Amino acid sequence: MNDHRAPMHDYTPEIDELADDILAYAKDRVSLDPTPMGRPASAEELFEALGPTITEDGIGSDRALTAFTDVLAPACLSVDNTRYLSFVPAAPTEAAVLFDLVVGAESIYGGSWLEGSGATYAENEALRWLCDLAGLGEQSGGVFVQGGTIGNLSALVAARGAAEAKLRDQGRYRPNRWAFLVSDTAHSSVPSAAMVMDADAIPVPTGPDRRLTGDLVARALDEYGELIAGVVATAGSTNLGVIDDLASIGRVCNERNVFFHVDAAYGGAALAAPKVRHLFDGIELADSVIIDPHKWLFAPFDCCALLWRDPDQARAVHAQHAEYLEFLDVYGDWNPSDFAIQLTRRARGLPFWFSLACYGTRTYGEAVQRTIDLAAEAAAKIEAAPNLRLAWEPGLSIVVFERIGWKEGDYQVCTEKMLADGTGFVVPSRHDGRPVFRFCFINPRTTSAEIDAILAAMA
Ligand SMILES: *Cc1c(COP(=O)(O)O)cnc(C)c1O
């Protein structure tokens with residue numbers, strides 16, 4: 001496509017070649033095992049290697065593609081690498097990744113039923129599976145949004161809407177500033193969402209087990225009274241994998257008619273694993289739940305399932321109104337854009353739907369269980385190692401441990417060395433004020449030998 005005179009919307013022979021090159025590259029990347037770890041680069045280094053890529057005349061597709069494959073892609077870490085155990089990694093299935101190419105090619109507008117009925121129908125089927133795993137009832141439904149952060153924000157806005165409606169019905173004034181009660185293990189996106197709403201996120205101090213309970217919530221509700229627009233429990237805290245006591249919290253919230261949101265962005269995938277499903281008992285009492293398929297349900301970025309017990313509660317605050325939006329509902333009134341903060345949206349749930357359809361739900365449960373087993377295996381190895389100390393019983397697929405005798409700087413050096421020599425990617429975290437290492441297992445293809453190699457590098 002170096003003939004820049006060809007109109008850029010024409011399918012020329014050069015574009016046909018480009019299509020082959022891009023499909024071949026994508027196919028090759030999907031088939032790689034292991035995927036390259038990649039490494040971070042500085043902006044100066046990247047400029048040095050590439051020069052300007054955006055020019056008046058264009059650099060042509062060959063150079064643009066080579067810039068990506070040879071310089072830019074290697075400067076991105078492969079979160080799907082089996083030795084990437086930091087933060088929350090990802091491990092999209094082959095089918096999901098390949099289908100993502102199709103979603104891109106299709107130009108689907110995923111915001112309304114009118115424009116994207118087929119896509120929305122399929123996304124809804126995947127969302128139904130998640131709603132049913134959580135036990136939210138047949139009236140429940142949801143939408144796929146960008147990530148847990150937008151999911152949490154959308155949920156808190158609906159909680160505030162419900163709280164305001166309640167006061168309005170009683171002819172009473174709203175407080176000047178709303179607040180949410182949140183687990184003290186809550187993800188940073190929860191206080192961030194409250195801040196965006198000019199509200200407070202009040203962390204409720206928990207005991208040594210780090211679990212928020214109904215008693216703690218009841219006491220805090222007594223203390224803060226009608227300032228509270230909702231309660232946010234965590235089902236799988238990001239640092240430790242702790243699941244709050246959802247049943248007792250749900251009971252208190254339901255009794256007092258307070259909106260109950262469960263942030264299961266990371267942990268919610270484990271609803272599919274029968275052996276640990278009981279840890280989530282009470283999630284069925286939630287008004288809203290988020291689960292990130294881009295974390296532990298093997299979908300490509302970006303994909304968060306935002307689930308509503310009563311979708312009308314979401315519609316009431318999130319549906320946008322405009323003259324040109326009024327004619328949308330002839331073919332169906334389930335418009336995904338009505339259920340979160342968004343209007344235009346990619347049908348980002350489709351790769352997840354396609355993969356679920358291909359492999360079946362049982363395979364998903366087994367893959368999640370496999371990573372929980374990996375965490376247990378790693379914990380056993382850590383307990384057996386003389387210079388390592390398990391800092392927390394593994395919660396779901398997260399393992400947190402100390403390297404005896406090491407200070408913060410030692411952890412950092414070890415992390416950099418492991419990244420540089422390809423042993424793995426494990427960043428330090430903090431627990432009880434002390435530096436620790438933290439593994440988060442998402443990739444069912446991580447092997448025992450890989451765990452051994454990483455632990456050996458810490459010895
Ligand atoms: C990851 C995470 C989030 C944020 O989700 P994003 O998809 O990264 O926006 C929120 N809550 C919990 C518990 C998480 O683990």
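A pocket is an open set of grid points with protein on both sides within 12 Å along at least five of seven lines, and its lining residues have an atom within 4 Å of a point. The views below come from a predicted model.

**View A. The largest pocket is lined by 44 residues.** Its space amounts to about 1300 Å³. Look for R29, T35, D80, P92 and V97, which lie nearest the centre of this pocket. Four helices each supply at least two lining residues: α1 (13–31), α3 (61–72), α4 (94–106) and α13 (361–384). Which helix gives the most? Helix α1 does, with 7 residues. By class, the lining of the largest pocket holds 27 nonpolar, 10 polar and 7 charged residues.

**View B. The second largest pocket holds about 400 Å³ of space.** Its lining has 21 residues, and K166, I228, R256, N257 and V258 are the closest to its centre. Helix α6 (148–169), strand β4 (228–234) and helix α9 (246–256) each give two or more residues to this lining. The largest share is 5 residues, and α6 provides it. The lining of the second largest pocket divides into 11 nonpolar, 5 polar and 5 charged residues.

**View C. N257 sits in the loop between α9 and β5 (260–263).** This residue is one of those closest to the centre of the second largest pocket. Its backbone also deserves a look. N257 is not a glycine, yet its phi is positive, at about 60 degrees.

**View D. The ligand has 14 residues around it.** G148, T149, D263, D292 and K295 are the closest. Three side chains show short distances to ligand oxygen atoms. For T149, an N or O atom of the side chain is 2.8 Å from an oxygen atom of the ligand. T238 has a polar side-chain atom 2.9 Å from a ligand oxygen. For D292, the distance from a polar side-chain atom to a ligand oxygen is 2.7 Å.

**View E. One cavity of 30 Å³ or more turns up in a search of the whole structure.** How is such a space found? Rolling a probe the size of a water molecule over the atoms shows where empty space is left. The largest cavity has a volume of about 40 Å³. One part of its lining is V79, N81, T82, Y84, L85, P89 and A90, and C440, F441, I442, N443 and T446 line it too. How many of these residues are charged? There are no charged residues in this lining, which has 8 nonpolar and 4 polar ones.

**View F. Strand β11 (residues 434–440) pairs with β9 (residues 398–403) and with β10 (residues 428–431).** The strands β9 and β11 run antiparallel and share 4 bridges. Here V399 has F439 as its bridge partner. The strands β10 and β11 are also antiparallel, joined by 4 bridges. In this pair, P428 is matched with F437. A hairpin links β10 and β11, with 2 residues between them. Within its turn, D432 has a positive phi of about 50 degrees. Is β11 mostly covered or uncovered? It is mostly covered, with 6 of its 7 residues buried.

**View G. Strand β1 (residues 141–145) has 5 of its 5 residues buried.** In a regular strand the side chains alternate between the two faces of the sheet. Both faces of β1 are covered. On one side are G141, V143 and V145, and on the other are G142 and F144. Strand β7 (residues 304–308) runs antiparallel to β1, and 5 bridges join them. Across this pair, G142 stands opposite L307.

**View H. T234 belongs to strand β4.** Is T234 buried or exposed? T234 counts as buried because its relative accessibility is 3%, and the cut-off for buried is under 20%. Its side chain makes a polar contact of 3.2 Å with the side chain of S183.

**View I. Two cis peptide bonds appear in loops, one between D33 and P34 and one from F301 to D302.** For D33 and P34, omega is about 0 degrees. P34 lies in the loop between α1 and α2 (43–50). For F301 and D302, omega is near -10 degrees. D302 is found in the loop between α10 (293–296) and β7.

**View J. D198 lies in the loop between α7 (189–196) and β3 (200–204).** Its phi is near 55 degrees, a positive value in a residue other than glycine. D198 counts as exposed because its relative accessibility is 52%, and exposed means over 50%.

Technical notes:
Residues are numbered from 1 along each chain as its sequence is written. This is a predicted model: local features need pLDDT of at least 70, side-chain atom pairs count only at pLDDT 80 or more; totals for chains, interfaces and linings use all residues. Side-chain values use heavy atoms; hydrogens and water are left out. On a 1 Å grid over the protein atoms alone, a cavity is a set of points where a 1.4 Å probe fits but cannot get out, and a pocket is an open set with protein on both sides within 12 Å along at least five of seven lines; lining residues have an atom within 4 Å of a point. Grid points are joined across faces, edges and corners, and a volume is the space filled by probe spheres set on the points. Ala, Val, Leu, Ile, Met, Phe, Trp, Tyr, Cys and Pro count as nonpolar, Asp, Glu, Lys and Arg as charged, and the others, Gly among them, as polar. Buried means under 20% relative accessible area, exposed over 50%, partly exposed in between (1.4 Å probe, protein chains only). Two strands pair if DSSP finds at least two bridges between them. A residue is near a molecule or strand if one of its heavy atoms lies within 4 Å of it. A polar contact is a pair of N or O atoms within 3.5 Å; within protein, one must be able to donate a hydrogen and the other to accept it, and residues adjacent in sequence count only if both atoms are side-chain atoms.
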